[in-house]
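Dear colleague,

I am handing over the structure we spoke about, together with some notes on what turned up in it. Please have it open beside this message as you read.

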Amino acid sequence: WRYEIGEQEVDLQRGWLVVTRTLIPMAQIQHVDTRRGPLERRFGLATVVLYTAAGASEIPALDDEVAGEVRDRIAGLANLNQQL
């Protein structure tokens, strides 16, 4: 997994043999959340979930603190705080 957060989009890339790349425009992001299952809690990890009208995309297995920072950065760039 690789991810890059730009001013205009979030670039997600996953895979080794078959590489899948997803670009999510900031203007399309409706909601950003973090999720922690039992195994993730055990190892101090979290998953950032990006919701758009087309569905959800994930950035998995981030350190819990990093996941919070990523979530807040994406929410700020997507102006989600102003939409409330």
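What follows concerns the salt bridges first and the pairing of the early strands after that.

Please bear in mind throughout that this is a predicted model, and that everything below is computed from it.

**Salt bridges**

The structure holds four salt bridges, and I describe those of D11, E58 and D72 here. D11 is paired with R21, and the closest N and O atoms of the two are 2.6 Å apart. Because D11 belongs to strand 2 (residues 9–14) and R21 to strand 3 (residues 20–25), this pair ties together parts that are ten residues apart in sequence. The two partners differ in their surroundings, since D11 has a relative accessible area of 13% and is buried, whereas R21, at 55% relative accessibility, counts as exposed.

A second salt bridge is formed where the side chains of E58 and R35 meet, with an N to O distance of 2.6 Å. This pair links distant parts of the chain, for E58 is in strand 6 (residues 55–63) while R35 is in strand 4 (residues 31–35), 23 residues apart. E58 counts as partly exposed at 30% relative accessibility, and R35, at 40%, likewise counts as partly exposed.

In the salt bridge between D72 and R71, the N to O distance is 3.2 Å. D72 is partly exposed, its relative accessible area being 48%, and R71, with a relative accessible area of 25%, is also partly exposed.

**Pairing of strands 1, 2 and 3**

Strand 1 (residues 2–5) and strand 2 run antiparallel and are joined by four bridges, and the hairpin that connects strand 1 to strand 2 does so through three residues. Within this pairing, E4 has D11 as its bridge partner in strand 2, and D11 is the residue that also forms the salt bridge with R21.

Strand 2 is joined in turn to strand 3 by six bridges, and these two strands run antiparallel as well. Here L12 stands opposite T22 in strand 3. The hairpin of strand 2 and strand 3 has five residues between the strands, and in this hairpin G15 takes a positive phi near 110 degrees.

When you look at strand 2 and strand 3 together, you will therefore find both the six bridges that join them and the salt bridge of D11 with R21, which ties together the parts of the chain in which they lie.

With best wishes

Key. Residues numbered from 1 in each chain as written. Predicted model: local features only at pLDDT ≥ 70, side-chain atom pairs only at ≥ 80, totals over all residues. Heavy atoms only, no water. Buried < 20%, exposed > 50% of the residue type's maximum accessible area, 1.4 Å probe, protein only. Pairing = 2+ DSSP bridges.
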